[in-house]
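This report describes aromatic pairs, two single residues, a helix and two empty spaces. Please look at the structure first and then read on.

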Amino acid sequence: MDWEPLIEFVAYAAIGVLSFLVWWALYEWVLTRGYSTRKALFGRAPNAAVALDVAGGFLAMGLLNHAVISGPPLDSFARDLEATALSLLGTLLLLGLLRMAIAAGLRAWFGGRRDAQGDVITLNNELFRQRNLATGLFSTALYLILVAGLAELDLLNLTGERPAAAANMLGVWLLGLVTVLLHSWLYLGPGGRHHILAESFHHNNPAAPTSLLGLLGGVLLLNHRLLPPKGVGAHLFALPQ
């Protein structure tokens, strides 16, 4: 009996499980420091908004695992396993840094303003204190954009096309941003107070980010299936030869 496929399966599965545990630790101890994720999820009054944010992070980790593990194989199982582990760890940390940057950007955007309940508007305040379902859904939509871009990244330059992969990542993020802006304009109306951030953080309107999440899922999936990079050095910003 050939044990190699089983050994490879167990090894990659172990790396995947460890990546989820590392993300949980990063989320609990760094991204939501000062709040108790365990109490929010498993306490006497479970918090569905935090559950949505956690689910978005785990979904992002699953998609990253798929993108990294299904990459081009290297010349040996040991090297491939090492590259997979390092790529996952790097993209996981990058995802955490991006989440921190977005939280800081949202805090700056709202500039100390308070929500309808009188609490200062920040990402974690809306999730943990206000139990804002709209914020949890919006955060899940952000995870979807971030991971769709990170899945294009060749962090260790295994294919020799790191610049093209980085351009693909930026192109996907740009597509996500344009989709968010179009959603606000088409569904919430141009200008005025009813943009996606106001609906998701101040007005606690879950319908707005739910429709955004569906639109993003469709657009990003369509982009992934219909517009894959073609040829060496090809990327979303490449000009036709």
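Helices (H or I, at least four residues) and strands (E, at least two) are DSSP runs, numbered from the N terminus. The model is predicted: local features need pLDDT of at least 70, side-chain atom pairs count only at pLDDT 80 or more, and totals for chains, interfaces and linings use all residues. Residues are numbered from 1 along each chain as its sequence is written, and side-chain values use heavy atoms, with hydrogens and water left out.

**W23 and E199**

W23 is found in helix α1. Is W23 buried or exposed? Its relative accessible area is 2%, so W23 is buried. Buried means under 20% relative accessible area, exposed over 50% and partly exposed in between, with a 1.4 Å probe and protein chains only. Contact means heavy atoms within 4.5 Å. Leaving aside neighbours within four places in sequence, W23 is in contact with L31, G57, F58, M61, L92, L95, G96 and Y143. Of W23 and M61 it can be added that they are 38 residues apart in sequence, while their C-alpha atoms are 7.8 Å apart in space.

E199 lies in helix α8 and, at 6% relative accessibility, counts as buried. Not counting residues up to four places away in sequence, E199 touches A134, L188, H194, N204, N205 and A208.

**Aromatic pairs**

The structure holds six aromatic pairs. Rings of Phe, Tyr and Trp (its six-membered ring) pair if their centres lie within 6.5 Å; planes under 30 degrees apart count as stacked, over 60 as edge-to-face and the rest as tilted. Two of the pairs are set out here.

| Pair | Centre to centre | Angle between planes | Kind |
|---|---|---|---|
| F20 and F58 | 5.7 Å | 45° | tilted |
| F110 and F201 | 5.4 Å | 50° | tilted |

F110 lies in helix α4 (residues 77-110) and F201 in helix α8 (residues 196-202), so this pair ties together parts that are 91 residues apart in sequence. Both F110 and F201 are buried.

The pair of F20 and F58 also links distant parts of the chain, with F20 in helix α1 (residues 4-31) and F58 in helix α3 (residues 48-69), 38 residues apart. F20 is partly exposed at 28% relative accessibility, and F58 is partly exposed at 27%. Together with W24, F20 and F58 form one aromatic cluster.

**Helix α7**

The expected span of a helix is 1.5 Å times one less than its number of residues. For the 26 residues of helix α7 (residues 162-187) this gives 38 Å, and the end C-alpha atoms are 37 Å apart, which agrees. After α7 comes G189, whose phi is positive, near 95°.

**Pocket and cavity**

On a 1 Å grid over the protein atoms alone, a cavity is a set of points where a 1.4 Å probe fits but cannot get out, and a pocket is an open set with protein on both sides within 12 Å along at least five of seven lines; lining residues have an atom within 4 Å of a point. Grid points are joined across faces, edges and corners, and a volume is the space filled by probe spheres set on the points.

The second largest pocket holds about 590 Å³ of space. It is lined by 25 residues, and the closest to its centre are F138, L142, L177, V180 and L197. The largest share of this lining, eight residues, comes from α7.

The structure holds one cavity of 30 Å³ or more. About 50 Å³ of space lies in the largest cavity, which is lined by R99, I102, L123, S139, L142, Y143 and L146. The largest share of the cavity lining, four residues, comes from α6.
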